[in-house]
Structure formats: structure tokens, C-alpha cells
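Dear colleague,

Please find the structure below, handed over for your own work. The findings follow directly after it.

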Amino acid sequence: DGLDVYVAGYFDDAVTQFRRDRQTGLLTYAESLSDGDPTDLQDVSIEGLNGATPVVVSPDGQFVYVAGYLDSALAVFARNQQTGALTQATVLLDAEEGVNGLAGAHAIAVSPDGKSIATCGNDQLVKLWDAADGTLLREFAGHKSHVYNLTFLPDSSTLVSCDLKGVVMLWAPGAEAPRELLTVEALHKYD
């Protein structure tokens with residue numbers, strides 16, 4: 001809706017919300033949620049923001065996702081459609097409750113159709129999660145270094161990932177078996 005801007009604070013272990021004036025573009029501080037902050041629920045605090053890196057808003061604007069690099073986590077927040085305020089809905093923590101594949105999470109991408117969430121990190125893998133229930137759907141292997149960033153093409157049919165060595169890979173997330181579509185190596189490598 002263009003009314004809110006969310007920023008991750010790696011060293012603050014936080015996600016901060018700013019309200020945006022549609023006419024001037026001016027940003028006004030609204031709130032900040034930090035790892036360990038109390039919630040409305042008794043004995044429950046905000047989790048998964050230690051080393052908060054990227055922030056991604058779902059296409060329908062109902063959820064905000066934050067990768068917690070140092071927590072090896074994916075923090076999921078419900079977003080109030082009127083105020084933009086966030087309430088933690090859940091957190092997926094690596095090696096807890098059957099979750100595997102969030103170690104050193106660097107980036108998040110939400111498919112344009114809103115059905116899938118992709119994550120990548122230090123394990124050289126790209127993971128595809130079900131946006132509705134957080135179950136791991138697919139795992140894409142092929143990178144030889146930390147996967148640093150990813151995005152979906154507009155029709156959700158292709159997932160693009162890149163690693164620290166400059167290798168870009170294209171994946172078919174909807175294929176019956178995970179498969180690589182294309183690999184492009186960088187002209188200049190930084191080792």
C-alpha cells in the first residue's frame with residue numbers, strides 16, 4: 001500500500017517501522033521491535049531478530065518477514081493493514097522443531113503469488129518454504145559459496161540466487177524435482 005517502510009537493524013537486533021506520507025514521501029518513526037522485547041502474551045518475547053538482515057513484505061501486505069542472521073531464524077510478523085504495526089506471528093529457528101536450513105540466513109524472497117518464501121545463507125543452499133504453514137518444500141543445491149541474495153521472477157516460475165563468488169543460478173521452484181535452469185559465472189571473481 002506504500003504507507004509503511006520497514007528497516008532491519010543488524011546491530012540493534014530490530015525491525016523498525018516508519019509511516020510514509022503519500023504526498024510528500026516524508027517518513028515518520030512509528031515503532032521498533034527488538035529481539036527479546038515483551039509481547040502482549042505473558043512470558044513470550046520477540047524472537048529471531050538477532051542480526052536482523054533483510055525485511056520483506058508479503059505481496060498482499062498481511063505479513064512481514066525478517067531474517068535473523070545470528071539467530072539462524074525467519075521471524076514472521078502479522079501486519080495491521082490500517083496502522084502498519086507488527087505483531088509476531090511465529091518464528092522459525094534452525095535446528096528447532098524440525099526446522100533445518102536457516103543457518104546464517106542472509107536473504108528472503110517472497111514469491112509474487114504469495115505462496116512461497118525462499119531463504120538462503122551460509123550453508124550454500126536455497127530453501128523454499130510454504131508461506132501458509134512454514135514447512136520446507138524444496139532445497140536447491142549447487143552453489144559453492146555462501147548464497148547472498150535471491151529473488152523471484154514476476155510470474156513466480158523462476159527463482160534467482162547469487163553467491164559470494166558471483167555465481168548466479170536460476171531455479172524452477174514448481175518443478176516436480178528441484179532443478180537448476182541456468183548457471184552464470186561472474187567475469188570478475190573476488191576470492
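Gly-84 counts as buried, since its relative accessibility is 0%, and a residue is called buried when the value is under 20%. This glycine is found in the loop between β6 and β7. Computed along the chain by residue count, Gly-84 and Asp-37 are 47 residues apart, and their C-alpha atoms are 18 Å apart in space. Please bear in mind that the model is a predicted one.The two strands that flank this loop also appear in the description of the second largest pocket. About 200 Å³ of space lies in that pocket. Its lining is made up of 14 residues, and those nearest the centre are Val-76, Thr-90, Ala-131, Ala-132 and Gly-134. Two or more lining residues come from each of β5 (63-68), β6 (73-79), β7 (86-93) and β10 (125-130). Of the elements, β7 supplies the largest share of the lining, with 3 residues. As for chemical character, the lining of the second largest pocket divides into 10 nonpolar, 2 polar and 2 charged residues.

Turning to the aromatic residues, a search of the whole structure finds 5 aromatic pairs. One of them joins Tyr-10 and Phe-11: the ring centres are 5.0 Å apart and the planes stand at 85°, so the pair is edge-to-face. The cut-off behind that label is an angle of over 60 degrees between the planes. Ring pairs also bring in Tyr-69, which forms a cluster with Tyr-10 and Phe-11.

The members of the Tyr-10 and Phe-11 pair fall into separate accessibility classes. Phe-11 has a relative accessible area of 78% and is therefore exposed, whereas Tyr-10, with 30%, is partly exposed. Phe-11 is located in the loop between β1 (4-9) and β2 (14-20). Along the chain, 41 residues separate Phe-11 from Ala-52, yet the C-alpha atoms of the two are separated by 7.7 Å.

The cysteines may also be of interest. How many disulfides does a search of the whole structure find? The search finds 0. Cys-120 is in no disulfide, and the nearest cysteine sulfur to its own, that of Cys-162, is 7.6 Å away. The same holds from the other side, as Cys-162 is in no disulfide and has the sulfur of Cys-120 as the nearest cysteine sulfur, at 7.6 Å. The limit for a disulfide is a sulfur pair within 2.5 Å, so a separation of 7.6 Å does not qualify. Is Cys-120 buried or exposed? Cys-120 is buried, with a relative accessible area of 3%. Cys-162, at 25% relative accessibility, counts as partly exposed.

The last item concerns an arginine in a strand. Arg-138 is found in β11, which covers residues 136-141. With a relative accessible area of 18%, Arg-138 is buried. A polar atom of the Arg-138 side chain lies 2.6 Å from the backbone oxygen of Pro-173.

With kind regards

Conventions: Residues numbered from 1 in each chain as written. Predicted model: local features only at pLDDT ≥ 70, side-chain atom pairs only at ≥ 80, totals over all residues. Heavy atoms only, no water. Helix = DSSP H or I, 4+ residues; strand = E, 2+ residues; numbered from the N terminus. Buried < 20%, exposed > 50% of the residue type's maximum accessible area, 1.4 Å probe, protein only. Polar contact = N/O pair within 3.5 Å; in protein donor to acceptor, adjacent residues only side chain to side chain. 1 Å grid on protein atoms, 1.4 Å probe; cavity = no way out; pocket = protein on both sides within 12 Å on 5 of 7 lines; lining within 4 Å. Points joined across faces, edges and corners; volume = space filled by probe spheres on them. Nonpolar A, V, L, I, M, F, W, Y, C, P; charged D, E, K, R; others polar. Phe/Tyr/Trp six-rings, centres within 6.5 Å; stacked < 30°, edge-to-face > 60°.
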